[in-house]
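Biologist: Could you take me on a close look at one part of this model, the pockets and what surrounds them? I'd like the linings, the strands and helices behind them, and any odd backbone spots along the way.

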Amino acid sequence: MSELLRQLEKDFPHAYTYTSKGNIWLRVIAYVDDLVLISKSPHELQAMLNTCQSWCEKSRVEINLEKTKIMIFNSRLQQTPDKPNHTWSITAQYLPRDHPQKTTTLKVVDSFKYLGVPIDKDLTMGPLHTLIRDNIQKANGKLQGLLRDLKSSRELHSSHHTTLGRASTSPKTIGLLWKSCVLVHATQYIRCPYAAKNNPNTAQQITTVYIRLLRPP
């Protein structure tokens, strides 16, 4: 993978941003075997796809076409009925020209989940907000069920009946359970929703919802 990254940086060098640690090249985001290609033009993105496919064929690596999608963040390039569509494809060089799987057109999507984080083309982070809210509600429901089980076990406990009756349901224990089971879902992606674009009310909306949902039992 490092060889491919060096090749992409060599072929597409004009994508640097300036940070306190120096210049950082931003054409590609890589995590293990997941790769995100970033381009300012449709034609350059296709060229980058061609470079990846060529390297994969030489390295005997296959691109997962089912998971490879295109998302357009630039509103001027986003596809509408009155605009011509851009298409991107993966072409297998080793297959005969008339092979039905020679060229695969990639699907353009409005949202995509990358490393568990749902991202939408307008960068509102709305899908992530919904995911976090749902996870909090599910975790809180499971915690309430656990506390009911602990309470029932304590009430049934006797010298002849040994269950979870000795488990503590003190406020401190409940607080620790709540932090580990519920609060973690609110803090896991906490920076992402607050980085929402073009929606100044998003931060306040998220804060309001989280305060309501994150009340410990």
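Modeller: Here is a walk through the pockets, followed by the hairpins, the core and one bent helix.

First, the ground rules. This is a predicted model, so to speak of local features a pLDDT of at least 70 is needed, side-chain atom pairs count only at pLDDT 80 or more, and totals for chains, interfaces and linings use all residues. Residues are numbered from 1 along each chain as its sequence is written, and side-chain values use heavy atoms, with hydrogens and water left out.

Let's start with the largest pocket, which holds about 1500 Å³ of space. A pocket here is an open set of points on a 1 Å grid over the protein atoms alone, where a 1.4 Å probe fits, with protein on both sides within 12 Å along at least five of seven lines; lining residues have an atom within 4 Å of a point. Points are joined across faces, edges and corners, and the volume is the space filled by probe spheres set on them. The lining takes in 39 residues, and L35, V36, L37, K69 and F112 lie nearest the centre. By class, 27 of the lining residues are nonpolar, five polar and seven charged; nonpolar covers Ala, Val, Leu, Ile, Met, Phe, Trp, Tyr, Cys and Pro, charged covers Asp, Glu, Lys and Arg, and polar is the others, Gly among them.

Which elements supply at least two residues each to that lining? They are β4, α2 (42-58), β5 (69-70) and β9 (111-114), where helices (H or I, at least four residues) and strands (E, at least two) are DSSP runs numbered from the N terminus. Helix α2 gives the most, with six residues.

Now follow β4 (residues 34-37) out to its partner. It pairs with β3 (residues 28-31) in the antiparallel sense over four bridges, pairing being called when DSSP finds at least two bridges between two strands. Opposite L35 of β4 stands A30. The two strands make a hairpin with two residues between them, and V32, in the loop between β3 and β4, has a positive phi near 55° without being a glycine. Most residues other than glycine have a negative phi. V32 is exposed, at 65% relative accessible area; exposed means over 50%, buried under 20% and partly exposed in between, using a 1.4 Å probe and protein chains only.

β9, another contributor to the lining of the largest pocket, has a similar story to tell. β9 and β10 (117-120) pair in the antiparallel sense over four bridges, with Y114 bridged to V117 in β10. Two residues sit between the strands of this hairpin, and L115 takes a positive phi near 55°. Past β10, in the loop that leads to α3 (126-156), you meet M125. M125 isn't a glycine either, yet has a positive phi of about 60°. Is M125 buried or exposed? M125 is buried, with a relative accessible area of 8%.

Between β4 and α2, the loop holds S41, which counts as partly exposed at 29% relative accessibility. S41 and N74 are 33 residues apart in sequence, with their C-alpha atoms 9.7 Å apart.

On to the second largest pocket, at about 340 Å³. Its lining has 16 residues, the closest to the centre being Q53, E62, L65, A92 and Y94. Two or more residues come from each of α2 and β6 (89-91), and α2 gives the most, with three. The classes split into eight nonpolar, four polar and four charged. A92 sits in the loop between β6 and β7 (103-105) and is buried, at 8% relative accessibility. Although A92 and E62 are 30 residues apart along the chain, their C-alpha atoms are separated by 9.9 Å.

Helix α2 turns up again in the largest nonpolar core, where it has the largest share, six residues. Such a core is a set of buried Ala, Val, Leu, Ile, Met, Phe, Trp, Tyr and Cys residues joined through side-chain atoms within 4.5 Å. This one has 18 residues, with L8, I70 and W88 touching the most other members.

Last stop, α4 (residues 171-187). The helix has a kink of about 40° centred on K179, the bend at a residue being the angle between axes fitted to the seven residues ending there and the seven starting there. Its buried residues are I174, W178, V182 and A186.
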